[in-house]
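Thanks for sharing this one. Here are a few notes to read alongside the structure, taking the ligand site and then a helix pair.

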Amino acid sequence: MQRDDRDAARDRILGMDAGITRRDFLDGVAIAVGGTVAGGLLPEFMATAPAGSAAPQDQPGYYPPALTGLRGNHVGSFEAAHALRDGDFWAHAGEIADTGETYDLVVVGAGISGLAAAHFYRAKADGARILILDNHDDFGGHAKRNEFALGGRLALMNGGTFSIDSPRPYSASADGLLRTLGIDPVALAAKCADPDFYPSLGLKRGVFFDKETFGADQLVVIDAAQSWAQRLAGSPLSNAAQRDIARIEEAPIDYLPGLTSEEKKSRLSRMSYRDYLLNVVKADPGVIAFYQARTHGEWGVGIDAVSALDVWAFGFPGFQGLDLKPGAAPHMGYTAAGYADGGSYTFHFPDGNASIARLLVRNLATESLPGDGAEDAVAAWLDYSRLDHPQAPVRIRLSSTVMRVRHIGDPTSADAVEVTYMREGELYSVRARSCVLACYNMMIPYLCPELPDQQKAALEYAVKVPLIYTSVALRNWSSFKSLGIAYVHAPGSYFSSLSLNQVVDIGGYHSPRSPDDPILVHMMRTPARPGLPERDQHRAGHRDILSTSFETYEREIRGQLGRILGSGGFDPQHDITAITVNRWPHGYAYEYNPLFDPDWPQGVAPHEIGRARFGRIAIANSDAGAAAYTDSAIDQAYRAVAELFGV
Ligand SMILES: Cc1cc2nc3c(=O)[nH]c(=O)nc-3n(C[C@H](O)[C@H](O)[C@H](O)COP(=O)(O)OP(=O)(O)OC[C@H]3O[C@@H](n4cnc5c(N)ncnc54)[C@H](O)[C@@H]3O)c2cc1C
């Protein structure tokens with residue numbers, strides 16, 4: 001058989017031609033492929049609004065959470081911003097239509113930070129009129145909802161932000177906002193989450209060893225009751241690697257004898273976990289592939305680019321004999337290891353923190369979401385046509401990329417700003433008394449060329465972390481049941497983890513309990529480039545994500561699920577019913593890395609210089625806190641609004 005024929009035959013076995021719910025894109029044009037869209041909205045509707053009609057979001061039936069295919073930074077969301085970055089945009093720009101609209105505040109970015117900024121502003125200025133602009137077809141930013149109808153039932157998954165969870169306790173302002181929205185994470189976790197459900201069925205965690213990395217395809221189920229030697233006995237790892245993994249995981253050895261806890265932490269902050277394992281623990285090099293991707297979910301890079309101190313703070317093995325004391329140490333930089341107070345409460349809504357975004361939208365008086373508590377909102381349909389209603393005090397305008405924000409007059413004395421945005425290829429302007437930029441830091445220098453050069457350089461420093469979060473709908477999960485797994489770490493594979501959807505029952509929403517029922521599976525990929533400094537890995541990852549087609553992701557998903565679950569009876573041709581790939585080339589806010597970044601004194605780190613208020617423009621977003629967490633997005637909104645009010 002010729003190579004092309006072989007590839008075609010393999011694609012047929014994987015089910016690449018199966019009629020599932022997905023959208024493919026050719027040259028930016030949406031094309032429906034097979035099946036029907038899970039919600040009430042046809043894909044074509046999103047792409048073609050008739051000339052002269054209301055914008056797509058104003059029309060009945062508009063419901064982006066139900067769209068499948070390539071989501072996250074979807075086609076149509078980033079091209080205008082990249083044109084501004086790459087070229088001589090203004091020299092060729094068309095006319096700007098003045099909408100004649102004036103607001104008290106314009107917010108750029110409808111993520112958690114932008115929505116929270118609108119909330120905090122209205123708390124200080126009752127009745128303020130606010131416009132929130134976002135380049136995506138949905139609000140929430142990273143807090144993205146993926147919605148499916150599986151077997152006639154609503155199925156939800158987080159397309160981005162997974163849960164309320166932070167290495168710090170939530171601040172008074174972030175916690176206060178949650179309470180205002182009716183979210184009590186501790187009470188909700190006790191009432192709605194069922195973390196023991198999969199364990200009660202005997203489902204465990206597994207590790208998938210792929211033949212390209214480890215020499216043979218093998219799924220090893222991790223039984224916590226066994227020693228590490230027993231757990232790895234059937235794996236394709238060498239005897240030396242198995243022995244040293246057992247030592248790393250279990251032995252209480254002090255690998256840095258004679259040093260104080262502070263001295264040890266300082267040293268660990270300057271070496272990667274990879275170097276720690278190889279050079280300090282003196283482990284066999286065969287252990288590296290086993291641990292390499294363990295940091296992908298939290299940092300977006302492998303253990304070559306994360307400090308040993310950071311992974312210690314997240315409970316990684318190999319430090320149990322070092323007697324490290326919690327809390328900050330000199331030369332630690334801005335690492336999570338500095339938080340001595342313990343982490344926050346945790347709670348996962350079925351759509352992740354998209355529920356927080358939806359509750360914020362309800363709180364902003366858009367009349368788009370019925371109900372009055374946190375629980376009833378989860379399964380409720382949100383009426384997008386209310387979001388930009390002319391009578392609403394707060395308007396949320398989607399698919400609108402802000403291209404310029406400038407003071408009308410001298411920034412030190414101007415009493416208004418002009419905000420110009422692009423929507424469906426046309427430029428529009430509005431005016432406002434103030435503006436909060438709750439968008440990505442690195443975009444701001446292009447939006448506001450009038451900023452001081454030092455501030456622009458500081459804003460450009462951080463490189464956001466690229467990630468792919470994929471929601472895959474399966475006809476049933478009997479293969480997971482027969483293999484005895486609910487979560488799989490796949491250190492050498494295209495997607496480094498996969499897991500059954502979390503079990504949460506909240507309001508009218510119920511998670512599937514029978515392995516014969518349809519379910520959503522989460523798969524995560526990090527396009528890391530081991531060996532490069534962290535920010536260079538992220539830059540390469542951006543390019544990787546934006547140049548990878550949906551077809552490639554689908555083929556990898558099908559192939560990987562078939563290889564991991566096949567012996568449990570899974571058939572990729574028949575068992576996959578829908579795929580949503582949420583791509584986040586600009587994902588987590590950059591958190592400084594003590595391996596590559598200077599140990600800036602407090603007050604002069606790039607995010608602190610970059611977020612300074614400039615005339616009537618204040619800067620929010622989690623980037624401004626250099627912390628990739630929801631509480632940071634809220635805290636930065638609170639600070640930015642306080643700055644506008646001169647507090
Ligand atoms: C995959 C993923 C998983 C995460 N999981 C967690 C978690 O479990 N717990 C947690 O606490 N945190 C998590 N985070 C981090 C958390 O999601 C973020 O810190 C927080 O949601 C960021 O909110 P934000 O409003 O600051 O930024 P964003 O959510 O990025 O919102 C900013 C918005 O501004 C828009 N924008 C940018 N430029 C323009 C422009 N020129 N014009 C108009 N709009 C513009 C962006 O497109 C975006 O929609 C996760 C992040 C990612 C990517």
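1. A polar side-chain atom of Asn621 sits 3.1 Å from an oxygen atom of the ligand. Please keep in mind while reading that this is a predicted model. Two further polar contacts are worth a look: an N or O atom in the side chain of Asn135 is 2.6 Å from a ligand oxygen atom, and Ser113 brings a backbone N or O atom to 2.8 Å from an oxygen atom of the ligand.

2. How much of the ligand's exposed area does the protein bury? On its own the ligand exposes 1,000 Å², and 97% of that is buried by the protein.

3. Several elements give two or more residues to the shell around the ligand: helix 5 (112-124), strand 11 (401-407), strand 14 (465-474), strand 18 (576-588) and helix 25 (630-644). The element that gives the most is strand 18, with three residues.

4. In total, 35 residues surround the ligand, and the closest are Asp134, Asn135, Thr161, Ser622 and Thr630. By class, the shell divides into 16 nonpolar, 17 polar and two charged residues. Asn135, then, is among the closest residues and also supplies the 2.6 Å side-chain contact described above.

5. Now to the helix pair. Helix 5, one of the elements of the ligand shell, also approaches helix 6 (residues 172-180), with the two axes coming within 12 Å and crossing at roughly 85 degrees. Because of that crossing angle, helix 5 counts as roughly perpendicular to helix 6.

6. Which residues meet where these helices touch? From helix 5 they are Ala116, His119 and Phe120, and from helix 6 they are Ser173, Leu177 and Thr180. The residues of this contact divide into three nonpolar, three polar and no charged.

Key:
Residues are numbered from 1 along each chain as its sequence is written. This is a predicted model: local features need pLDDT of at least 70, side-chain atom pairs count only at pLDDT 80 or more; totals for chains, interfaces and linings use all residues. Side-chain values use heavy atoms; hydrogens and water are left out. A residue is near a molecule or strand if one of its heavy atoms lies within 4 Å of it. A polar contact is a pair of N or O atoms within 3.5 Å; within protein, one must be able to donate a hydrogen and the other to accept it, and residues adjacent in sequence count only if both atoms are side-chain atoms. Accessible areas come from the Shrake-Rupley method with a 1.4 Å probe; for residues, only the protein chains shown count as cover. Helices (H or I, at least four residues) and strands (E, at least two) are DSSP runs, numbered from the N terminus. Ala, Val, Leu, Ile, Met, Phe, Trp, Tyr, Cys and Pro count as nonpolar, Asp, Glu, Lys and Arg as charged, and the others, Gly among them, as polar. Axes are lines fitted to C-alpha atoms, for helices over the stretch in contact, and angles run from 0 to 180 degrees between N-to-C directions. Angles under 35 degrees count as roughly parallel, over 145 as roughly antiparallel, 65 to 115 as roughly perpendicular and the rest as oblique. Contact means heavy atoms within 4.5 Å.
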